[in-house]
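Welcome! Take a moment to look over the structure shown here before reading on.

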Amino acid sequence: MNNENQKLTSSEITQLWAAYMNDSALECKLQYFLAKVSDGEIQPLVQQALDLAQSQLIKLREIFTKENYPIPYGFNPSEDVDVNAPKLYSDDYILRYLYQGLQIALQAYSISLSMAGRVDIFNYFSQCVYKQTGLLKTVITVLQSKGLYINMPYLPVPESYDFVKSQNALTGYFGERRPLAGFEIVNLFGNYQRNALGSATMIGFSQVAKNTDVRKFLVRGKEISQKHCEVFGSILHEDDVPAPAKMDDSVTDSTTYTFSDKLMMYYCTGLIALSVGYYGASMSMSPRRDLGTTYNRLLNEILKYAEDGANIMIKNQWLEEPPRALDRDELAKKKK
């Protein structure tokens, strides 16, 4: 059934709005990376990612225009980035940024796809998933060829299937701890990797930030990311599971204006939101009580950090309001 003339649902317009904000921010960052990358294998990947973001922005503008819905202000390369600024991140960082960014984007587009009922919106997000998947495959190939691809830890092959026989599977602080389960290792390892990328990102951002509050906020974020890496790494090391490498040495010593404070705060708060989601999912898949308690403690820390970030964005009028329901009370006041 062709239902393209149906009104967009709350989930569809919200996902489209979020996609526009993300792609407009990504366009700025990728234009800068493209101007700075020197590796002949990485440069085409950045170009492909930039082309993809720009083509998606064109399609999103068409959808908003068709629906008579205001196009978000978002971000603009003429306002939020200086592509002539010195190099802030190494080529290896750019490649790893593409890898983790594509993983995150695929998850976001998959959720958007599952929430789309109108055929044209479903087709749009379906194409996003398809194209992002193809680019991710190429990025992984280049990472592997350069020896930069980090495999998840391996697990021993059991002799047969088995069942949990006691509540020792749940113990953590008291009693003998059982070895980490596969899901727990995957989440600890993945959360370490994302925090390692976050730490390097915020180090670079803090060096080029102009607003004092923003600079302090980014330095604090770097410290939180590094601390969380230590927490996840120590848990993995208890079971002799190797932790990933840090990425802090991927940042140059540049202090020249590169990205707007607004753009950096957007990325920073986005990383926080992702961490909240990943930590919550990790907690749900970690039966060991000590892991649940650890994730809960780290969650509380980043939730407070997120609130402080939102206050900075509101104070500077950088926080664009997402689609929302009507304020009936406000309408009633206008009528008076």
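This report follows the salt bridges of a predicted model and then turns to one lysine.

**Salt bridges**

The count comes to 14 salt bridges. Three of them are set out here.

| Pair | Closest N to O distance |
|---|---|
| Glu41 and Lys146 | 3.1 Å |
| Lys66 and Asp120 | 4.0 Å |
| Lys246 and Glu230 | 2.6 Å |

Let's begin with Glu41 and Lys146, whose side chains meet in a salt bridge. This pair links distant parts of the chain, 105 residues apart: Glu41 sits in the loop between helix H1 (10–36) and helix H2 (43–66), while Lys146 sits in the loop between H5 and helix H6 (182–208). Glu41 is partly exposed at 42% relative accessible area, and Lys146 is partly exposed at 27%.

Next come Lys66 and Asp120, also joined by a salt bridge. Lys66 belongs to helix H2 and Asp120 to helix H5, so the pair ties together parts that are 54 residues apart in sequence. Is each partner buried or exposed? Lys66 counts as partly exposed at 45%, whereas Asp120 is buried, because its relative accessible area of 15% is under the 20% cut-off.

In the third pair, Lys246 lies in the loop between helix H7 (212–238) and helix H8 (261–284), and Glu230 lies in helix H7, 16 residues apart. Lys246 is partly exposed at 39%, and Glu230 is partly exposed at 46%. Elsewhere, salt bridges with shared partners join Glu4, Lys66, Glu67, Arg118 and Asp120 into one network.

**A lysine in H5**

Lys131 is found in helix H5 (residues 119–145) and is partly exposed at 40% relative accessibility. Its C-alpha atom is 9.6 Å from that of Leu106, 25 residues apart along the chain.

Notes
Residues are numbered from 1 along each chain as its sequence is written. This is a predicted model: local features need pLDDT of at least 70, side-chain atom pairs count only at pLDDT 80 or more; totals for chains, interfaces and linings use all residues. Side-chain values use heavy atoms; hydrogens and water are left out. Helices (H or I, at least four residues) and strands (E, at least two) are DSSP runs, numbered from the N terminus. Buried means under 20% relative accessible area, exposed over 50%, partly exposed in between (1.4 Å probe, protein chains only).
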